[in-house]
Amino acid sequence: MGQFPLPAAAAEFRSAASQYTPDDMYEFGLHLAQMPAAMADIAEGLKTMAIRTGTERPVNPLVVEALAALYHAQRATITAAETIAPMFRKAHATDLARREAPRNNEQEWNVR
């Protein structure tokens, strides 16, 4: 019997998240902007599974509908993820300005 690859992929995602250590908060902010694409990839995988199940497997349509509902629920995480990077930028505007729009001799403030 073949192995179901999704649990292993999910475990890898969990492991990657637990080991994630950005170099600094500027990098962290850039990475947050990539979160919607990650959520979209997961959603598209669920969509593909729902479509293939409906077209290639002798499965009751209720099962296909349930997989499609899971896909739609995952799509909602994209919208939620789209709010995080702008929130980070707004909440840390002063910090980000030190690098993105530094004042003359900003380094004299000894803020790193």
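Which helix does Gln74 lie in? Gln74 belongs to helix H4, which covers residues 61–82. We will come back to that residue after a look at the whole chain.

## Overall fold

Please keep in mind that this is a predicted model. The protein contains 6 helices and 0 strands, and reading along the sequence gives the pattern α-α-α-α-α-α.

How far does the C-alpha trace span along its principal axes? The trace covers about 70 × 25 × 15 Å. The radius of gyration tells a matching story: the protein has 20 Å, whereas a compact globule of 112 residues would have a value near 13 Å.

## Burial, contacts and surface

Of the 112 residues, 15% count as buried. The protein exposes about 8800 Å², and carbon and sulfur atoms supply 60% of that area.

Contacts along the chain are worth a look too. Among those with a separation of 6 or more, 65% are between residues 24 or more positions apart. As for charge, the protein carries 11 positive and 13 negative charges, and the mean positions of these two sets are 2 Å apart.

## The aromatic cluster

How many aromatic pairs does the count come to? There are 2 aromatic pairs. In one of them, Tyr20 and Phe28 form a tilted arrangement, with 6.3 Å from centre to centre and 35 degrees between the planes. In the other, the ring centres of Phe28 and Phe88 are 5.8 Å apart and their planes stand at 70 degrees, so this pair is edge-to-face. The angle settles the label because planes over 60 degrees apart count as edge-to-face.

Phe28 sits in helix H2 (residues 25–32) and Phe88 in helix H5 (residues 84–91), so their pair ties together parts that are 60 residues apart in sequence. Ring pairs thus link Tyr20, Phe28 and Phe88 into a cluster.

Are the members of this cluster buried or exposed? Phe88 has a relative accessibility of 10% and therefore counts as buried, the cut-off for that class being under 20%. Phe28 is partly exposed, with a relative accessible area of 24%, and Tyr20 is partly exposed as well, at 35%.

## His31, beside the cluster residues

His31 also has its place in helix H2. Which residues does His31 contact, leaving aside its neighbours within four places in sequence? The partners are Tyr20 and Pro22. Tyr20 thus appears here as a contact of His31 and, in the ring cluster, as a partner of Phe28.

The relative accessible area of His31 is 28%, so this residue is partly exposed. His31 and Phe88 are 57 residues apart along the chain, and their C-alpha atoms are separated by 11 Å.

## Back to Gln74

Now for the residue that opened this report. Is Gln74 buried or exposed? With a relative accessible area of 14%, Gln74 is buried, because the value falls under the 20% limit.

Which residues does Gln74 touch, once its neighbours within four places in sequence are left aside? Gln74 is in contact with Met39, Ile42, Ala43 and Leu46. Those partners give a local picture of the surroundings of this helix H4 residue.

Definitions and conventions. Residues numbered from 1 in each chain as written. Predicted model: local features only at pLDDT ≥ 70, side-chain atom pairs only at ≥ 80, totals over all residues. Heavy atoms only, no water. Helix = DSSP H or I, 4+ residues; strand = E, 2+ residues; numbered from the N terminus. Rg over C-alpha atoms; globule rule 2.2 N^0.38 Å. Buried < 20%, exposed > 50% of the residue type's maximum accessible area, 1.4 Å probe, protein only. Contact = heavy atoms within 4.5 Å. Areas by Shrake-Rupley, 256 points an atom, 1.4 Å probe, with all protein chains shown as cover. Lys, Arg positive; Asp, Glu negative; His and termini not counted. Charge placed at Lys NZ, Arg CZ, Asp CG, Glu CD. Phe/Tyr/Trp six-rings, centres within 6.5 Å; stacked < 30°, edge-to-face > 60°.
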